[in-house]
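The following exercises are to be worked with the sequence and the structure at hand. Each task is followed by a solution in steps.

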Amino acid sequence: MPLIASQAMPSIFLQSQQQRRLAVQITVDGLQQGLIEGLVDPQKPFVDVAYKNHIEHQKYDAPQTVSSPEHQQDMRFLQTLAEQTYQDPHYLPFFKRLYADNYASIARVGISSTPTISVRNLPIIKTGAKVSGEQGTGIPNFHFVDREEDRAYYFFGNDALQLDRLMQANKVKTMFDRLNYLKTLNCNAQYDWNAHTSYDALVNLGAGEALRDFGEKRCVRELQERAKVEQKLTEIRTQLINDINDYQAIPVWSFYTKLSRKWAIENSIEQYAKLDGKGMPDYTLIYNPWPDHFAHFVGPFSDEIIMPTGELNRLDYWITQVEQTYQTAGVYSRTLWGMAGDHGLAPVYYTLNPEKVIFQPLEKKLGYALNIEKISSDEGEGPKITNALNYPSNKGADVVVASTAGGNFMLDLFNSQQGWKTQPHYRELTQWQPINHQSQASIDLIAETLNALGDTLDYMVIRENQCNEETCEVRLIGERDGERVDEFITKQGDRYFYSAQDTQASLLNVHQLNPYLALPNSPDKSKAEFETFAGYYGQCVLQAKENDPSTWCNESQWRELTRYTPRPDSVVQLAKLYAESRAGTINLFPRDGIGYNTKVPGRHAGESYLEKDAFIGFWGTPIGDNVTPLMTEENGSLAPTLFEYLTGEKVIINQNGWGYPSLLNRLDIQPQ
């Protein structure tokens, strides 16, 4: 076909490129919405509550704790913010503008998937895939035992290299897979196969701690160069559109004029083709690990994180720099920006090691040693190395234990009557026998665990029966006022029943309002919010009948209720915890202020508001004035929203690998 054969198509294509949509997806490790909002808006209660809890942190101590983190958290700047109004135009200028201009398109309460750990939540954010089921990530935690291949994984160490393989084996679709026909750029994120240009995540992690801003500088420099090329491409496209239109208007008898114009157009197209791949990417994925990375070692509200010289202001600066490249390129008005955190963080003041607290007294009582395999490092320790070709078997272990980020401790046991590969449920765990048992007497491992952990335990979660994506019943066990409390969550399809022994003092605090959240200033609006909360509480807790699933609340109703509470989305998340069979046998979650198997003062992986409240928000010129406010949203909605904006293709949950909904219809996107 001749180069200028079509009379209309070249101009239409070039015009579409002039008006094409772009998207930037930013994933920040440890970015908590409530903290950022509290730092930019002194009227919010977050800072005051956080500082008060720090001053009164002795209330978190328990008789079972054995130590405290060595590092003492420096909270002088938090104290300054709590005691006076801090005014500095150079402090968090991007975030101040973001909340001023796009408040409605930032979720008031974000939801991190339980356990609130990076290795579980980062793939969710980056791909929009859920954990369990077909095309799910299959990665339930920072560690797990795969009983089919008899292989333990722990991803702080060389097993991190296995993550891509595991995702590919499950046929998870990354955004780069879905958008492989567009120009794409990856800045420091994993799961980057099929990205057209990529800066490696592990290289950034290895170099970035010593060479500060190493990865951020590389990414911004790449975008700055692309912005210059995009300016040139815009000029060439404009000239080509004019030249093609002029060419088409030349009479057929002006043969030489038409021929010379054709040669000029062909020369411009050749120049354009050489530059096209070097312009601004249609889709950019950016990952920043540092707010989480350093908060573990110094505490999430410490000076090193929240001061003007801290990690959050550094993050603010680099997002501004990235935005500037899109403005320079002349494409900012067509770019939708989205950002999500994988979790928040909570401070740790007291610590203990459940492995020692539970099993050392039990071994003494039994009179013989148990076969305990620990597959993780304690938080603050170095990585573990696993022989990927000759990994050890777990079939000689009584229990495999692993800890996650101070906020979750997981035990795998193997005494199911259905065989070694099957996860035992509650009744079997109350009749546990070690491999080398010396009598026929069984052990109630649940009672032993509860007695050993006492007041340090928020609750443990155990299967009441075998679970899958559609149905599950889990038992929650904890102590309140020295008494054992057992509660149950039952899932049937999209309906959930939560049975609390005492509806006025449930383990999940569904009857309590979250002190970190502010009610509206207007008395009428405040009353309306409280009535909404009370209405959902009555419907989901008081009026639901265990033997009538039609009276149970669905996922969205439970989410609306629990967004007001200290544990956002607690009922739904815990009901789904064991949809992936490799999520452990027993999951232990410590109380506020307590860290399990940690040496450092920052934790996540737990169930508190500070850990659950992952930032998710959107901004940019394409968003209109009539946004439907985002109230409580899962961080997994980030990728689907940007995908739908770029492609116009409808995202449907549980189809084509999508595990989360798009929020695009809430953003009042304006036509080009």
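**Exercise 1.** Determine which elements the buried residues of helix 6 pack against in this predicted model.

*Solution.* Begin with the extent of the element: helix 6 covers residues 118–127. Next, consider its accessibility: 10 of its 10 residues are buried, and the helix is mostly covered. Among these buried residues are Arg120, Asn121 and Lys126. Then list the partners. The strands packed against the buried residues of helix 6 are strand 1 (22–28), strand 7 (283–288) and strand 8 (335–341). The helices are helix 7 (163–169), helix 8 (175–178) and helix 22 (638–647). Finally, inspect the end of the helix: Gly128, just after helix 6, has a positive phi of about 80°. As a further detail, Lys126 lies over the face of Tyr287, 4.4 Å from the ring centre.

**Exercise 2.** Classify the ring pair of Phe46 and Tyr516, and state which parts of the chain the pair ties together.

*Solution.* A pair of aromatic rings is described by the distance of the centres and the angle of the planes. A search of the whole structure gives 29 aromatic pairs. For Phe46 and Tyr516 the centres are 5.0 Å apart and the planes stand at 45°, so the pair is tilted. Phe46 belongs to helix 3 (residues 46–55), whereas Tyr516 sits in the loop between strand 16 (495–499) and helix 18 (523–542); the pair therefore ties together parts that are 470 residues apart in sequence. For the accessibility, the cut-off for buried is under 20% relative accessible area. Phe46, at 2%, counts as buried, and Tyr516, at 12%, counts as buried.

**Exercise 3.** Classify the pair of Tyr60 and Tyr349 in the manner of the preceding exercise.

*Solution.* The centres of Tyr60 and Tyr349 are 6.0 Å apart, with 15° between the planes, and the pair is stacked. Tyr60 is in the loop between helix 3 and helix 4 (76–83), and Tyr349 is in strand 9 (residues 346–352); the pair links distant parts of the chain, 289 residues apart. Both Tyr60 and Tyr349 are buried.

**Exercise 4.** Describe how helix 10 and helix 11 are oriented relative to each other, and identify residues that meet between them.

*Solution.* The axes of helix 10 (residues 214–249) and helix 11 (residues 255–276) come within 10 Å and cross at roughly 155°. Because of this angle, helix 10 is roughly antiparallel to helix 11. The crossing is left-handed. Among the residues of helix 10 in the contact are Leu233, Ile236 and Leu240, and those of helix 11 include Ile265, Ile269 and Leu275.

**Exercise 5.** Give the corresponding description for helix 18 and helix 19.

*Solution.* Helix 18 and helix 19 (residues 555–562) pack at about 130°, their axes being 9 Å apart. The two helices are therefore oblique to each other. Their crossing is left-handed. Phe533, Tyr536, Tyr537, Gln539, Cys540 and Val541 of helix 18 meet Gln557, Trp558, Glu560 and Leu561 of helix 19.

**Exercise 6.** Locate Gly620 and name the residues with which Gly620 is in contact, leaving aside neighbours within four places in sequence.

*Solution.* Gly620 lies in the loop between strand 21 (616–619) and strand 22 (632–634). With a relative accessible area of 14%, Gly620 is buried. Its contacts, apart from those sequence neighbours, are Asn102, Thr335 and Trp337. Trp337 also belongs to a cluster linked by ring pairs, together with Phe94, Phe95, Tyr326, Tyr332 and Trp619.

Note on methods. Residues numbered from 1 in each chain as written. Predicted model: local features only at pLDDT ≥ 70, side-chain atom pairs only at ≥ 80, totals over all residues. Heavy atoms only, no water. Phe/Tyr/Trp six-rings, centres within 6.5 Å; stacked < 30°, edge-to-face > 60°. Helix = DSSP H or I, 4+ residues; strand = E, 2+ residues; numbered from the N terminus. Buried < 20%, exposed > 50% of the residue type's maximum accessible area, 1.4 Å probe, protein only. Lys NZ or Arg CZ within 6 Å of the ring centre and 35° of its normal. Axes fitted to C-alpha atoms, helices over the stretch in contact; angles between N-to-C directions. Parallel < 35°, antiparallel > 145°, perpendicular 65-115°, else oblique. Left-handed = near helix turned anticlockwise from the far one by under 90°. Contact = heavy atoms within 4.5 Å.
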